[in-house]
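Trainee: I should like to understand how the terms used for a protein model are justified. May we take them one at a time?

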Amino acid sequence: MSEKITKEENIGADGHIEVLEKYDAEARFRVFTNRNITILISVIAVGFALYQLYTSALGAPTTLKHRAIHVAIVLCLIFLLYPVKRSASRAKLPWYDAALALIALSTAGYIIVDYLNIIHRGGIPNNLDIIFGVILVLLVLEAARRMTGWALPILAVLFFFYALLGRGLSGIFRHRGYEWDMVINQLYVTTEGIYGTAIGVSATYIFLFILFGAVLGRSGMGQFFNDIALAIAGHTKGGPAKVAVLASAFLGSINGSAIANVVTTGTFTIPLMKRVGYKRNFAGAVEATASVGGQILPPVMGAAAFIMAEILGIPYSSVALAAILPAGLYYLGVMMQVHLRASKEGLEGMKRSEIPKVRDVMKERGHLILPLLFLIYMLFFSGKTIIFAAFWTIVATVLVAQFRKTTRMAVKDLFGALEDGTRSALSVAIACAAVGIIVGVATLTGFGLKLANGIILIGGESLFLTLVFTMIACIVLGMGLPSIPTYIITSTMAAPALVQLGIQPFVDHMFVFYFGLFANLTPPVALAAFAAAGISGGDPMRTGFASMKLAIAGFIVPFAFVYNSSLLLIDTSFFEGALVTITAIIGVIMLGAAAEGYLFRTMGWMIRILSFASSIMLITPNRFFDVLGIGIVGIVLIVQWVKGRREGFGVLT
């Protein structure tokens with residue numbers, strides 16, 4: 001690769017840590033001057049990862065014990081690693097954080113020691129239950145504040161007081177009211193609160209797949225994604241932007257963090273995009289949009305799909321297969337706008353001498369694809385459990401990485417990967433624990449059903465209006481939250497409204513999942529877009545709005561699959577699935593043209609409106625609309641082609 005590219009990359013890399021710390025609290029961890037403390041934390045983190053691997057291979061303790069251990073160690077590490085505020089020293093461990101770490105471990109110790117008595121009490125808590133329950137709730141709230149910011153703990157506190165004071169409310173949100181001890185009991189010594197489904201999935205599937213991503217990272221998979229994307233698309237028109245889309249899609253599916261993905265790939269791709277002529281706001285928006293979309297892309301989908309499968313009680317393979325076409329349409333929409341913007345502004349790709357060859361990249365790191373293929377086989381064809389698949393995929397990754405010197409991992413690298421995986425899992429795990437407070441209260445009080453009734457009441461039982469209000473609720477609830485807790489909250493609070501209108505549970509969960517994710521792109525709190533703007537030097541709000549425009553297919557496709565689930569390939573014949581796929585692809589291409597106002601040449605407003613109308617008709621699976629949409633596409637193509645010929649433009653630009 002050329003010296004100039006390396007220099008551009010380094011310019012971006014110099015400031016990426018500052019950008020990451022600004023928008024992602026997970027990056028603001030302590031780096032101790034005391035070597036003994038560093039070693040202690042490494043031992044705890046590696047030991048925790050080994051415990052998770054052991055339980056996945058040979059079986060875990062009883063559910064309550066296993067989840068309690070998981071939460072306790074997560075809390076312990078958070079208090080050891082993350083200071084109470086940004087301005088606090090990151091070089092020393094205060095005594096109070098050491099004390100909080102030990103107290104966190106005691107919450108699991110109590111459940112392990114008194115487990116049989118807890119079960120025998122059958123939901124009637126004693127004083128120690130209440131004391132340790134209050135301690136756990138407070139620790140979870142504080143740890144969540146340190147890792148995710150104020151939004152999630154404030155929401156959890158509001159729900160906690162709603163459980164206590166709800167009897168004093170009027171209207172549909174009034175409930176019978178619950179005493180302090182009953183609320184604490186619900187949150188602490190049952191599997192309906194903090195130790196609920198969310199933390200259960202965190203303690204099994206999510207941790208293992210984050211660990212898988214960490215092992216891949218140590219083997220050099222991130223570099224492989226960048227290099228192969230550069231080799232495939234770097235020389236094409238507007239190549240660096242297409243490289244950003246491909247690399248961010250690959251990486252985002254595995255790591256599950258939009259902001260970390262933006263910083264990881266954006267420090268490399270954004271300077272290249274600016275170099276070939278893309279404006280800074282657009283360059284940042286491309287990276288943000290592609291990074292967020294990774295979490296809807298199979299096979300891993302940022303781990304949220306595992307929670308969806310667990311909540312709905314369906315195989316994970318069903319979730320992943322249904323997500324393939326919508327995810328493909330999302331990325332096609334981004335890619336089309338990137339290409340058309342390059343055509344409109346005359347932006348070229350990179351010189352072939354500046355980019356690696358596909359053959360060389362595959363020779364050097366291509367074997368790293370094998371663990372992903374093995375994972376796909378295990379998830380879709382082996383009939384084995386997700387936990388079994390995750391465990392053996394990690395083992396396969398370690399073995400495959402040994403094939404070449406550039407990817408080979410020594411024992412030190414393996415331990416480093418285990419520690420990296422544990423650290424990366426902390427933010428997801430604590431978010432799941434905090435969400436457990438919200439879900440526990442919602443289950444206790446029936447809040448989810450009450451909110452669903454309220455949404456339907458506002459929507460006047462109109463499906464379209466209910467979808468719009470549900471979309472708004474998902475985006476608002478998702479502002480400033482990681483994707484996994486966003487999905488859990490929205491599926492609990494907003495999804496029931498659509499079920500009451502006759503929508504299949506899986507379809508409405510996919511709907512809220514999409515729009516919860518898009519909160520990362522939607523101003524005023526568009527964290528992924530803001531992080532990208534920090535790298536590109538663009539305006540955060542303008543980058544956010546540009547991201548929304550690039551993601552326009554993602555805002556339309558969920559509405560389409562609610563009205564006709566054929567887009568999710570549910571109960572669809574091969575012929576019908578092929579027809580839906582082809583028409584949807586054409587629709588997304590026309591949507592990109594309408595958004596950019598360019599197809600062969602600049603479009604007039606009337607042609608843009610016709611293009612947009614045809615795209616909606618073609619994306620929505622309906623035979624009549626398909627025929628009408630194709631007719632309009634034909635008119636648009638003829639008009640643009642004729643005008644392009646008159647002005648001397650090539651047909652394929």
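Trainee: What makes helix H26 (residues 527-536) largely enclosed by the rest of the structure?

Mentor: This is a predicted model, in which local features need pLDDT of at least 70, side-chain atom pairs count only at pLDDT 80 or more, and totals for chains, interfaces and linings use all residues. Residues are numbered from 1 along each chain as its sequence is written, and side-chain values use heavy atoms, with hydrogens and water left out. Buried means under 20% relative accessible area, exposed over 50%, and partly exposed in between (1.4 Å probe, protein chains only). Nine of the ten residues of H26 are buried, so the helix is largely enclosed. Among them are Leu-527, Phe-530 and Ile-535.

Trainee: Why is Asn-261 called buried?

Mentor: Its relative accessible area is 0%, and the limit for buried is under 20%, so the term applies to Asn-261. Asn-261 lies in helix H13 (residues 258-276); helices are DSSP runs (H or I, at least four residues), numbered from the N terminus.

Trainee: Why are H10 and H18 called roughly antiparallel?

Mentor: Helix H10 (residues 197-219) and helix H18 (residues 369-380) pack at an angle of about 160°. Angles under 35 degrees count as roughly parallel, over 145 as roughly antiparallel, 65 to 115 as roughly perpendicular and the rest as oblique. The angle of about 160° is over 145, so H10 and H18 are roughly antiparallel.

Key. Helices (H or I, at least four residues) and strands (E, at least two) are DSSP runs, numbered from the N terminus. Axes are lines fitted to C-alpha atoms, for helices over the stretch in contact, and angles run from 0 to 180 degrees between N-to-C directions.
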